[in-house]
Amino acid sequence: MSTASLPDIVFMLLFFFMTVTVMKDVPLKVDNELPNASQVKKLDKKDRIVYIHIGRPNKAYANTWGNEAQIQLNDKIAKVSDIGPFVLEHIEKMPPHIRPLATISLKVDKKANMGILFDVKNELRKVNALKINYTTYGQEEN
Amino acid sequence: MGKRADVPKVNAGSMADIAFLLLIFFLVTTSIETDVGIDRLLPKIEKDTTIATVKQKNILRVLINEEGELLVDGIVVQMHALKQSAIDFLDNGGSPSGEMGHCNYCMGNKSLDSSDNPTKAIISLTSHRKTSYGDYITVQNELVAAYNTLRNREAQRLFKQDYTQLEADFANPNALQLQKEEVKSKIKIIQELFPMKLSELETNN
């Protein structure tokens, strides 16, 4: 039996996975288990989305940041007041024609409290970033 | 010339193993990520707050407490019953025929104590600061499901197509521009029949 074509086949598979792989771009410092929902829509293209992570700090950071839910912007734990400048900076970086389409994806841990989310939403309203998305895990309709 | 003929052989036997190793690495690290979620538009901050007067019967008050329990218009409701009570409220069509604001496509029981017209009906979702986000999203999901059910019904009646399908078509990047315009106009018609008026509020007590 000839196995000469085996490397080719494997390479083909390899390239497939290499192209579809999306590496996580930021290490998460907060727990981020999203809730499930069935009535969901796909998010728009990545270039017009600003991510905000909210959740309880990981074990490694619990000593520094405590057990209450915190906000993570990029790779840093941030205060509520940092959200406005952060969002504006990201929108500024986008090409002008997609700025009106900018969406804030809120990745909130399902155990987080609503309080922090209200504060975040208020900050977003202040900088007029009104398109938001409660990002969830999808689920088959039942 | 003769010397070029014997090119040193490279042993390529381990190539497959290396490729396998890489393949397994990518297989393990890959998460074919599709981000999905519930879209919302936050209200603008109004400079001059004009207080709009809305009839009490046109508001459905949904309250979530810290434990994730629901109160709908003062009555304790289970999570699985929320969708139906939202549908009943939106689809009520209380104003009598012949009057302004009569809803000729509503199939609800035309109760005078519930909403006049879907275009006037507002769902107000109030949650405590300590409500967990998971519970909140479950409720949001049920309310969106209520809207989608009604919108699907109307889309089936008018265009023989589900509203959710229309939205999926619109989001499809491969669709032609011409089709998109058509789909967009259909979506608009349905959204005018059942506009989503959902206000998200916070309570401290």
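Which residue of chain B meets the side chain of Asp119(A) in a salt bridge? I start with that contact, and I should say at once that we are looking at a predicted model. The partner is Arg129(B), and the closest approach of the two side chains is 2.8 Å, taken from N to O. This pair crosses between chains, since Asp119(A) belongs to helix α4 (residues 114-126) of chain A, while Arg129(B) sits in the loop between β5 (122-128) and α4 (133-159) of chain B. Both ends are partly exposed, with a relative accessible area of 25% for Asp119(A) and of 27% for Arg129(B).

Let me move from that pair to the interface as a whole. Chain B brings 40 residues into contact with 49 residues of chain A, and between them the two chains bury about 4300 Å², with 65% of that area on carbon and sulfur atoms. On the chain B side, the residues that lose the most area to chain A are Val36(B), Leu42(B) and Tyr133(B), which together account for 19% of what that side buries. Between chain B and chain A the count is 3 salt bridges, and there are 20 residue pairs in polar contact, where both residues have a pLDDT of 80 or more. If we ask which elements of chain B give two or more residues to the side that touches chain A, the list is α2 (15-29), β1, β5, α4 and β6. Of these, α4(B) gives the most, with 9 residues. By residue class, the side of chain B that touches chain A divides into 20 nonpolar, 10 polar and 10 charged residues.

The next topic is the sheet, which also involves both chains. Here 7 strands form an open sheet with mixed pairing, and the order runs β1(A)-β1(B)-β6(A)-β5(A)-β2(A)-β3(A)-β4(A). At the edges stand β1 and β4 (76-78) of chain A, and because each has a single partner strand, one side of each is left without a neighbour in the sheet. Where the chains meet in this sheet, strand β1 (residues 41-42) of chain A pairs with β1(B) in the antiparallel sense over 2 bridges, and the bridge partner of Lys41(A) in β1(B) is Gly37(B). Within chain A, strand β2 (residues 49-55) and strand β5 (residues 103-108) pair in the parallel sense over 6 bridges, with His53(A) standing opposite Lys107(A) in β5(A).

One residue of this sheet deserves a closer look, namely Thr136(A), which is found in strand β6 of chain A. Is Thr136(A) buried or exposed? Thr136(A) is buried, with a relative accessible area of 3%. Leaving aside residues up to four places away in sequence, Thr136(A) touches Leu34(A), Pro35(A), Ala37(A) and Val40(A) from chain A, together with Val36(B), Gly37(B) and Ile137(B) from chain B.

I return now to the salt bridges, of which the count over all chains is 14. Within chain B, the side chains of Glu200(B) and Arg40(B) meet in one of them, at 3.7 Å from N to O. That pair links distant parts of the chain, with Glu200(B) in strand β6 (residues 198-203) and Arg40(B) in strand β1 (residues 36-41), 160 residues apart. Arg40(B) counts as buried, at 9% relative accessibility.

Elsewhere in chain B, Glu154(B) forms a salt bridge with Arg153(B), and their closest N and O atoms are 3.1 Å apart. Glu154(B) is buried, with a relative accessible area of 0%, whereas Arg153(B), at 23% relative accessibility, counts as partly exposed. Both residues belong to a network of salt bridges that links Asp91(B), Arg153(B), Glu154(B) and Arg157(B).

Finally, a word on the backbone. Most residues other than glycine have a negative phi. Against that background, Asn128(A) has a positive phi of about 65° although it is not a glycine, and Asn128(A) is found in the loop between α4 and β6 (131-136) of chain A. In chain B, the phi of Lys160(B) is likewise positive, near 55°. Lys160(B) lies in the loop between α4 and α5 (163-171) of chain B, and is exposed, with a relative accessible area of 66%.

Methods
Residues are numbered from 1 along each chain as its sequence is written. Chains are lettered from A and ligands numbered from 1 in the order in which they are written. This is a predicted model: local features need pLDDT of at least 70, side-chain atom pairs count only at pLDDT 80 or more; totals for chains, interfaces and linings use all residues. Side-chain values use heavy atoms; hydrogens and water are left out. A salt bridge is a side-chain nitrogen of Lys or Arg within 4 Å of a carboxyl oxygen of Asp or Glu. Helices (H or I, at least four residues) and strands (E, at least two) are DSSP runs, numbered from the N terminus. Buried means under 20% relative accessible area, exposed over 50%, partly exposed in between (1.4 Å probe, protein chains only). Contact means heavy atoms within 4.5 Å. Buried area is the accessible area (1.4 Å probe) that two parts lose on being put together, summed over both. A polar contact is a pair of N or O atoms within 3.5 Å; within protein, one must be able to donate a hydrogen and the other to accept it, and residues adjacent in sequence count only if both atoms are side-chain atoms. Ala, Val, Leu, Ile, Met, Phe, Trp, Tyr, Cys and Pro count as nonpolar, Asp, Glu, Lys and Arg as charged, and the others, Gly among them, as polar. Two strands pair if DSSP finds at least two bridges between them.
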